[in-house]
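Visitor: I would like to take a close look at one part of this model, the surroundings of the ligand, and then to see the rest of the chain with that part in mind.

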Amino acid sequence: MDKPHVFITRRIPDIGLEMLSEHVEIDLWEEELPPAYDVLRERTQRADGLLCLLTDRIDKELIENSARLRVISQYAVGIDNIDIDSATKRKIPVGHTPGVLTDATADFTWALLMSAARRVVEADAFTREGKWKTWGPTILLGMDVARSTLGIIGFGRIGQAVARRAKGFDMRILYYDNKRLPEMEETLGVEYVSLETLIKEADFISLHVPLTPNTYHLIGEKEFSMMKKEAILINTARGSVVDQEALYHALKERKIRGAAIDVTDPEPIPSNSPLLQLPNLIITPHIASASVQSRTQMAVMAAENLIAGLQGKRLPFCANP
Ligand code: DGY
């Protein structure tokens, strides 16, 4: 019997490809950049399964025009690039990769937080540019992390992992989420507050919400104006959770002290974006989950989801409601 045909929109770690090759016939997009939408649509039309990335737009049109398609497996936990309602209507299960990137993302959130608080990126540039003339009492002063207040917006797996790490810094930890988690408050020593209270009281604000119509531009001009003047914003969630223009003004006009973001809107950030000129902003290229271990596990999970879907079984990690 013929093996099912699968379109994979980028090379994933070998282990995932090896697992798949036993069960399916692979059509692999080998380029560094994602396939253009037309190519994606055309190749998906010939496929029984699709393994895609967050850079692929899997919209209603693509889903409705892919008559053979039986399963979509996303190589990421976030699925905001996929029209999940259209997939569900067509009874196409959508897999994703929760859990295996939680620690990597929480670690990276902390790398950004510490770097912004203690000006690590600026200090490195200062040193390389030959500006280190002597030890000085006021050179490159940053902000204490220990005993400060951390505000976590979105208290799912990653938000909670960020809180666990904050305990070691004796921080006051506030969280906001659309559902309160009393058992976590006890175990992690966190306080549930309103979004407004969190924004007003936190020294560090870290975003961990999925991108949905409700979280689009959750942080905008109004929110920046309520933040402390010394506040630092960290975003490892999705770029458009923050209004980029409002972010620019908040940093430029020093309404807040700084920000460190792993995600932008759009991605990649255009090379002429004014954000790139700001000294009080750290920007990394959406790499919070980029550890060898996480990306390998993501490949395994994405392959398992895809194989299960093609065999008509329940996906081990299914994102459909
Ligand atoms: C995700 O999984 O959603 C991250 O943004 C990339 O790993």
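Visitor: How do the residues of the shell around the ligand divide into nonpolar, polar and charged?

Guide: The shell around the ligand has four nonpolar residues, two polar ones and no charged one. In this count Ala, Val, Leu, Ile, Met, Phe, Trp, Tyr, Cys and Pro are nonpolar, Asp, Glu, Lys and Arg are charged, and the others, Gly among them, are polar. The residues that surround the ligand are Leu54, Ala76, Val77, Gly78, Leu101 and Ser289, where a residue counts as near if its C-beta atom, placed from the backbone, lies within 6 Å of the molecule.

Before going further, please keep in mind that this is a predicted model, in which local features need pLDDT of at least 70 and side-chain atom pairs count only at pLDDT 80 or more, while totals for chains, interfaces and linings use all residues. Residues are numbered from 1 along each chain as its sequence is written.

The chain as a whole is assigned to domain 1 (5-100 + 293-310) and domain 2 (102-283), with bounds that come from an automatic or database domain assignment. The C-alpha centres of these two domains lie 31 Å apart, and their contact takes five residues from domain 1 and six from domain 2, contact being counted when the C-beta atoms of two residues, placed from the backbone, lie within 7 Å. On the side of domain 1 that touches domain 2 there are one nonpolar, three polar and one charged residues.

Two sheets can be followed next, built from strands (E, at least two residues), which, like helices (H or I, at least four residues), are DSSP runs numbered from the N terminus. One open sheet has five strands in the order S2-S1-S3-S4-S5, paired in parallel, and strands pair here if DSSP finds at least two bridges between them. Strand S2 (25-28) and strand S5 (94-95) stand at the edges with a single partner strand each, so one side of each has no neighbour in the sheet. Within this sheet, strand S1 (residues 5-8) and strand S3 (residues 49-52) are joined in the parallel sense over three bridges, and Phe7 stands opposite Leu50 in S3. Helix H12 (residues 292-310) packs on the sheet, where it touches S1, S3, strand S4 (71-74) and S5, and its direction makes about 175 degrees with that of S4; such angles run from 0 to 180 degrees between N-to-C directions, with axes fitted to C-alpha atoms, for helices over the stretch in contact.

The other open sheet has seven strands with parallel pairing, in the order S8-S7-S6-S9-S10-S11-S12. Its edge strands, S8 (190-192) and S12 (281-283), each pair on one side only, and neighbouring strands are turned by 15 degrees against each other on average, direction ignored. Strand S6 (residues 149-153) and strand S9 (residues 204-207) pair in the parallel sense over four bridges, and Gly151 has Ile205 in S9 as its bridge partner.

Some details of the backbone deserve a careful look as well. Most residues other than glycine have a negative phi, and most peptide bonds are trans. Arg147, although not a glycine, has a positive phi of about 65 degrees, and Arg147 is found in the loop between helix H6 (120-128) and S6. A cis peptide bond joins Asp265 and Pro266, with omega about 5 degrees, and another cis peptide bond joins Glu267 and Pro268, with omega about -5 degrees. Pro266 lies in the loop between strand S11 (258-261) and S12, and Pro268 has its place in the loop between S11 and S12.
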